[in-house]
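Hi everyone, thanks for coming. I'd like to walk you through one structure today, so please have the sequence and the 3D view open.

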Amino acid sequence: SQSNNMLGSKQLATLGGGCFWCLDAVYQELVGIHRVVCGYAGGHVLNPDYESVCRGITGHAEVVQIYFNPEEISFRQILEVFFVIHDPTTLNQQGHDIGSQYRSVIYCEDDDQMKESSQIIQELALQGVYREPIVTEIKIVVHFKRMTVIVVDTTACSYTEMYNNRCIKYGGIVNMFNKLTKRFHFFFNNNFNVPGSTGHILLVA
């Protein structure tokens with residue numbers, strides 16, 4: 001297919017777990033990740049805009065599309081990271097962000113990803129990793145809309161500043177990196193530095 005030709009040897013993973021900038025910040029730093037694109041999926045409006053999605057009126061989830069090299073990092077490993085950097089037990093909510101646009105969801109490219117996603121959720125449930133039931137949705141991706149930012153006021157904050165305001169003000173990004181580097185330090189690029197942490201990480205087999 002045309003999409004497969006564009007990907008070449010790379011594969012695609014589409015994940016939603018709260019604010020897409022928070023997921024983007026993590027996956028950008030992992031070995032084997034070639035590109036991360038923020039956007040929306042799973043809604044009933046063909047071309048949603050950021051404000052409409054944030055208001056929760058389009059049915060979309062905020063997601064990241066991750067282009068990765070399976071020879072460097074597997075889809076399973078991407079999911080392992082996913083289940084550490086967000087809470088899959090809170091329905092339509094991640095921390096201070098509340099609404100269906102922040103739901104936990106895995107949009108799969110094929111049946112193999114569907115099976116692998118179901119398997120890891122079953123394993124986490126059997127291990128009792130979370131006190132509450134996992135509510136992560138598993139669906140075939142139908143349509144992805146890339147997020148676009150139109151800045152009218154030249155004094156307005158940049159894309160990076162917008163991400164900082166959404167994620168760092170809650171301490172979310174620092175906490176996520178602290179957790180990840182305790183278990184997945186070998187996934188990160190060599191030039192990446194993370195603040196020290198006293199937090200612990202949930203075990204993902």
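How many aromatic pairs does a search of the whole structure find? The search finds 5. Rings of Phe, Tyr and Trp (its six-membered ring) pair if their centres lie within 6.5 Å; planes under 30 degrees apart count as stacked, over 60 as edge-to-face and the rest as tilted. Phe82 and Phe83 make an edge-to-face pair, with 5.2 Å from centre to centre and 70° between the planes.

Before we go on, a word on the source: this is a predicted model, where local features need pLDDT of at least 70 and side-chain atom pairs count only at pLDDT 80 or more, while totals for chains, interfaces and linings use all residues. Residues are numbered from 1 along each chain as its sequence is written, and side-chain values use heavy atoms, with hydrogens and water left out.

Back to our pair. Phe82 and Phe83 are both buried (buried is under 20% relative accessible area, exposed over 50%, partly exposed in between, with a 1.4 Å probe and protein chains only). They belong to the buried residues of helix 4, which also include Phe75, Arg76 and Ile85. In fact 10 of the 11 residues of helix 4 (residues 75–85) are buried, so the rest of the structure largely encloses this helix. Helices (H or I, at least four residues) and strands (E, at least two) are DSSP runs, numbered from the N terminus.

Now find the sheet. It is an open one of 6 strands, in the order 7-6-1-3-2-8, with mixed pairing; two strands pair if DSSP finds at least two bridges between them. Strand 7 (137–140) and strand 8 (144–146) are at the edges with a single partner strand each, so each has one side without a neighbour in the sheet. On average, neighbouring strands are turned by 35° against each other, direction ignored.

Let's look at strand 2. Of its 9 residues, 7 are buried, so strand 2 is largely enclosed by the rest of the structure. It pairs antiparallel with strand 3 over 8 bridges, and antiparallel with strand 8 over 3 bridges. Tyr40 takes part in both: its bridge partner is Glu62 in strand 3 and Lys145 in strand 8. Tyr40 also joins Phe20, Trp21 and Tyr50 in one aromatic cluster.

On the other side of our list, strand 6 and strand 7 run parallel, joined by 4 bridges. There, Cys108 stands opposite Ile140 of strand 7. Cys108 counts as buried, at 0% relative accessibility. Helix 5 (residues 111–127) lies across strand 1, strand 6 and strand 7, at about 175° to strand 7. For such angles, axes are lines fitted to C-alpha atoms, for helices over the stretch in contact, and angles run from 0 to 180 degrees between N-to-C directions.

Last stop: Arg103. Where is it placed? Arg103 is in the loop between strand 5 (97–98) and strand 6 (104–108). With 9% relative accessibility, Arg103 counts as buried. A polar atom of its side chain lies 2.7 Å from the backbone oxygen of Ser100. The side chain of Arg103 also makes a polar contact with that of Tyr107, at 3.4 Å (a pair of N or O atoms within 3.5 Å; within protein, one must be able to donate a hydrogen and the other to accept it, and residues adjacent in sequence count only if both atoms are side-chain atoms).

Methods: Contact means heavy atoms within 4.5 Å.
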